[in-house]
Amino acid sequence: MKKRITAVVTAALSMLTMTTPMFSHAEKNEADFVIFGDNIAAGDIRGGTVEHNFGEILADYYGGTVTNYAESSLKSNELLDKITGLNDEQKNAVKGAEYVVINVGANDIARYSAVDLLQFCASKKLLNEGYTAADIPDDPTLDDLFTLVDEDALQTYASSSNSNASSVLIRLRRISSNLCVSNNIYEGYLKNVVVDNINKSVAEIKKINPDAEIIVQNIYQPLQLPSDYIKYHTSGNSNYITLLNQIRSILEDIMKAFDEEVNASSAEYGYKVADVFTEFTSLDPSVIKNGDNPGNASYFVDIMGERLSGGDIQPNQKGHLAIAAEIIDTIGIKHTDLGLFSEIYENLEDKAAYPVIALKTYESAAGSEMLGDVNFDGIIDAVDASAILTEYAVTSVNSDAATFHARQTKCAMVSDDDVLDAIDASLVLTYYAYTSTNGNVSLEEFIKSQN
């Protein structure tokens, strides 16, 4: 089709811009959020904070506000202390919120495990030079683990013999049992401490605001590393590869146990569970997790550094987008989005690699797109043509004055030349006129017939 527009169509479109009312996308269901949590909720990443944490994304999506009380390194007992000690201003924020989101537990698991692992490494002389067992803090963090443990020495130790690798695994499995199993032998730390603190925190929030919907996130498993990366990182050492795969499996069991415990308590204590673990893993339930199919968390956290100790286990921007999508799905109130939520996705450089399961959750929350429908009302008509022409008129004078969201621009460029101009507006108007008298045909089919 020749790229031209007739004077008649130009005149018609010009009239439309003067007579057609301005459009608006689907109205947001205004809602205010309060966030309680740890590093994840605070938006921490190695060396700073993520540009838009999931709380900001949720507030923009629902056209409300977010009050974020997250603190780095927060444990569940500290969360409970924080909520029971809220001042009047903080209580008023909770009273005014439609939704309260809790994200906690990862630091409990990490710091509980770090104590045992550091003691093991000290006993095997696997600490960095200058450190001894006396340097192990009473309540160590993951940073302490990375600072004190000599990663090369640990890799050499675990790789040198099956016996050494087994001793590491035995220690890790004992930690896992104490976390996950509650009986007269094992501590059941997840159930009896972490989830118990969460349940008590929820009860305290309900005293302040019994009408708020409370959402508790479960915990993703960050060590879902592609097999090629593991082979590179371990220089192909089969003992160490086996060890890392078994560590991954142990972490899967711990995160599943946490998920089971919060789900078991959710009905009694009156909260919903946002399944971030499944979103980050993003594998079809029929796929068996193993070294070749570890899950997709490495897309949502920047863990694959030159060294494992240099990687980041905190969610990146894609991770916060996925968390927001899962919370929206858990809330169940959705609309076609032309805000921060979809803008972040449209600006991702590697969105083609977005894991399929998580992508479905995102798309469900973002709303459907239709070529030519720039106001997202499910109809292609003169309103869309007018809006496209107006955007073209504005941007042809000043490209920085664009008003369209990225999704609108994509839907507006109907002529398939990656340029938004009057031709696109003409095609939409001509299509609208044609379908008004000739029945249903898709815009794509109509454009094809014009070429």
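**Exercise 1. Decide whether Cys-411 is buried or exposed.**

Solution. Cys-411 has a relative accessible area of 2%. Buried means under 20% relative accessible area, exposed over 50%, and partly exposed in between, with a 1.4 Å probe and protein chains only. Cys-411 is therefore buried. Now take Cys-180: its relative accessibility is 22%, so Cys-180 counts as partly exposed. A disulfide is a pair of cysteine sulfur atoms within 2.5 Å. By this rule the protein has zero disulfides.

The structure is a predicted model, in which local features need pLDDT of at least 70, side-chain atom pairs count only at pLDDT 80 or more, and totals for chains, interfaces and linings use all residues. Residues are numbered from 1 along each chain as its sequence is written, and side-chain values use heavy atoms, leaving out hydrogens and water.

**Exercise 2. Describe the surroundings of Lys-318.**

Solution. Start with the secondary structure: Lys-318 lies in helix α15, residues 317-331. Helices (H or I, at least four residues) and strands (E, at least two) are DSSP runs, numbered from the N terminus. Next comes accessibility: Lys-318 has a relative accessible area of 13%, so Lys-318 is buried. Last come the contacts, where contact means heavy atoms within 4.5 Å. Leaving aside residues up to four places away in sequence, Lys-318 touches Tyr-299, Phe-300, Leu-348, Asp-350 and Tyr-354.

**Exercise 3. Find the largest nonpolar core and the helix that gives the most to it.**

Solution. A nonpolar core is a set of buried Ala, Val, Leu, Ile, Met, Phe, Trp, Tyr and Cys residues joined through side-chain atoms within 4.5 Å. The largest has 103 residues, and those with the most contacts inside it include Phe-36, Ile-102 and Tyr-354. Helix α12 (residues 238-269) gives the most to this core, with 11 residues. Another core, of 24 residues, lies apart from it, with Phe-376 and Phe-446 among them. For one residue in detail, take Ile-102: not counting residues up to four places away in sequence, its contacts include Phe-36, Leu-79 and Val-202.

**Exercise 4. Summarise the whole protein.**

Solution. First, count the elements: there are 21 helices and seven strands. Second, give the extent: the C-alpha trace spans about 85 × 55 × 40 Å along its principal axes. Third, give the burial: 50% of the 451 residues count as buried. Finally, look at sequence separation: among contacts between residues at least 6 apart in sequence, 74% join residues at least 24 apart.
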